[in-house]
Amino acid sequence: MLGGAGVLLGVAAGTAQAAEVSFATHCVPPAGIDPVDGTTKVEITAPATAKVGDTVDVVWKFVQAASKNPDIIDLPANSVQPSGVLKAAGAQAADIAMQGARENPAIPKGGAMVLSDMKGTLKLTAPGEVTLTPDAYTVNAMSTDTKCTPTETVQKAATIEVAPGDGSTSSTTPDPTDSASQSASPSASASDTSSASASASASDGTGSDQTDFTGKEVEIPYTCQSPIGEKKATSPIQINAKKNGGSFDLTVQFKKSVMDSPADIPKGSVKPSMEVVLGGADKGTVHVEGPTNAKDIKSGDPIEIPDLTGTYKPGADGRSTLSPGVLTINALGTTTTCKPDKTEVSLTLDTTEQASGASGGSSSSSGGTSSSSSSGGLAETGSDDHGALKALGLVAGTAVLLGAGVFTFLPKRRSS
């Protein structure tokens, strides 16, 4: 998301030398943003002298980024974190893991990137001259990475003269504990068994005394693409129904754990909805939606997706299946849409056709030609499968674009 954001080199502690270098840099933001070629300037601070056995602190300070923040969104304060590698060579070779704090002022669209100093340590193991040279670095902005690499030979930025010491010889490469690159993609695997039987099956939607029907929990892998990149995540979802005359009141529940919000989210700013996919005897989709967040969500507090509700009016006689479909989040004037990579039946109902019911209705393009099946296939959305439903953010385990920022948004199981 940082089209070509730069590196950082910090300030080492104590009496130290500081040297600045500049180098041509190629930065690759997430998909949807053009790569940037620019010049990175950094300053490395490290002790001028030390001895074998010492562990020295080194700092990588960002002087000039390869480019400015793209004209996409404003970056809120404390939303950007850098990490990178500093190469040690000469008397000993090592990759020094560098990392900065997630600390930055608010950065407007088109504004200069301001990144925190990155710090790291090196255990000295051999006497002689040890040189320090900046290498590749990554800038993480709210779950998205921009990866920057030098495109020319980078000059050394600092030199440590290492004197013989007490003979201590331990590992030359510090253990990189980079908590910033953070964007491990959740598993996108989901069961593709589409059996609609067992407890998810209703006995009869019209003639039975049964009124409540409980669906099975299914794992649905979503793909969302935004101006700051494409993400995948799997969310457990369950569809339940309550008979209401010839129709059914639906409740779609997101399950599993909660993830904390990395930034403040104002009250009433997020509204989720979904198109439940019909299959089997019926075709089309059923719109369900949830309320907006009732109160402000502070940074560090858990975020939950509320229950989504709507009414299913059957358009066919027979056994009809219901599967999670396209998920949409409206937030502060933006729309985020996530498409399942594949879906699975959560609930099966015995249905009786109602006037103006779902089959052949307005939920799909030409009178019942939605691609649904007994396996719960997705209805057509009017776009090619591979290019449809571009997202402005990531939902149900991915990030959601909310005005000035992208927030992690994971479902919370409702305690009933």
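A residue counts as buried when its relative accessible area is under 20%, as exposed when that area is over 50%, and as partly exposed in between. With this scale in hand, the reader can follow the structure above, which is a predicted model, from its charged pairs to its nonpolar interior and then to two single residues.

Lys-242 makes a good first example, because its relative accessibility of 41% places this residue among the partly exposed ones. The side chain of Lys-242 meets that of Asp-212 in a salt bridge, with a distance of 3.3 Å from N to O. The two partners come from distant parts of the chain, since Lys-242 belongs to strand E13 (residues 229-244) and Asp-212 to strand E11 (residues 212-213), 30 residues apart. Asp-212, with a relative accessibility of 43%, is likewise partly exposed.

This bridge is one of eight salt bridges counted in the model. Another joins the side chains of Asp-117 and Lys-61, where N and O are 4.0 Å apart. Here too the pair links distant parts of the chain, for Asp-117 sits in the loop between strand E6 (94-100) and strand E7 (118-123), whereas Lys-61 is in strand E4 (residues 55-64), and the two positions lie 56 residues apart. Asp-117 has a relative accessibility of 23% and is therefore partly exposed, and Lys-61, at 34%, is partly exposed as well.

In a further salt bridge, Asp-350 pairs with Arg-319, and the closest N and O atoms are 3.1 Å apart. Because Asp-350 lies in strand E23 (residues 347-351) and Arg-319 in strand E20 (residues 318-323), this pair ties together parts that are 31 residues apart in sequence. The surroundings of the two partners can be described separately: Asp-350 is buried, with a relative accessible area of 15%, while Arg-319 is partly exposed, with 43%.

From the charged pairs we turn to the nonpolar interior. The largest nonpolar core has 39 residues, and those with the most contacts inside it are Trp-60, Leu-86, Ile-96, Leu-122, Leu-132 and Ile-160. Many strands contribute at least two residues each to this core, namely E1 (17-28), E2 (36-46), E4, E5 (80-90), E6, E7, E8 (128-141) and E10 (158-163). Strand E8 gives the most, with five residues. Apart from this core lies another, of 25 residues, which includes Ile-220, Leu-250, Phe-254 and Ala-358.

The aromatic rings offer another view of how separate strands meet. A pair of aromatic rings is described by the distance of the centres and the angle of the planes. Across the whole structure, three aromatic pairs are found. In one of them, the ring centres of Trp-60 and Tyr-137 are 6.1 Å apart and the planes stand at 70°, so the pair is edge-to-face. Since Trp-60 lies in strand E4 and Tyr-137 in strand E8, the pair ties together parts that are 77 residues apart in sequence. Trp-60 is buried, with a relative accessible area of 0%, and Tyr-137, at 2%, also counts as buried.

Phe-248 and Tyr-312, by contrast, form a stacked pair, with 6.2 Å from centre to centre and 25° between the planes. This pair ties together parts that are 64 residues apart in sequence, because Phe-248 lies in strand E14 (residues 247-254) and Tyr-312 in strand E19 (residues 308-312). Phe-248 is buried, with a relative accessible area of 0%, and the value for Tyr-312, which is buried too, is 0%. Ring pairs link both of these residues with Phe-213 into a cluster.

Two single residues complete the tour. Val-114 is placed in the loop between E6 and E7, and a relative accessible area of 38% makes this residue partly exposed. The C-alpha atoms of Val-114 and Asn-104 are separated by 6.1 Å, although the residues are ten apart along the chain. Leaving aside neighbours within four places in sequence, Val-114 is in contact with Asn-104, Pro-105 and Ile-107.

Gln-238 is in strand E13, and with a relative accessibility of 11% this residue counts as buried. The side chain of Gln-238 makes a polar contact of 2.9 Å with the side chain of Asn-240. Beyond residues up to four places away in sequence, Gln-238 touches several others, among them Thr-214, Glu-217, Thr-251, Gln-253 and Ser-346.

Key. Residues are numbered from 1 along each chain as its sequence is written. This is a predicted model: local features need pLDDT of at least 70, side-chain atom pairs count only at pLDDT 80 or more; totals for chains, interfaces and linings use all residues. Side-chain values use heavy atoms; hydrogens and water are left out. Helices (H or I, at least four residues) and strands (E, at least two) are DSSP runs, numbered from the N terminus. Buried means under 20% relative accessible area, exposed over 50%, partly exposed in between (1.4 Å probe, protein chains only). A nonpolar core is a set of buried Ala, Val, Leu, Ile, Met, Phe, Trp, Tyr and Cys residues joined through side-chain atoms within 4.5 Å. Rings of Phe, Tyr and Trp (its six-membered ring) pair if their centres lie within 6.5 Å; planes under 30 degrees apart count as stacked, over 60 as edge-to-face and the rest as tilted. Contact means heavy atoms within 4.5 Å. A polar contact is a pair of N or O atoms within 3.5 Å; within protein, one must be able to donate a hydrogen and the other to accept it, and residues adjacent in sequence count only if both atoms are side-chain atoms.
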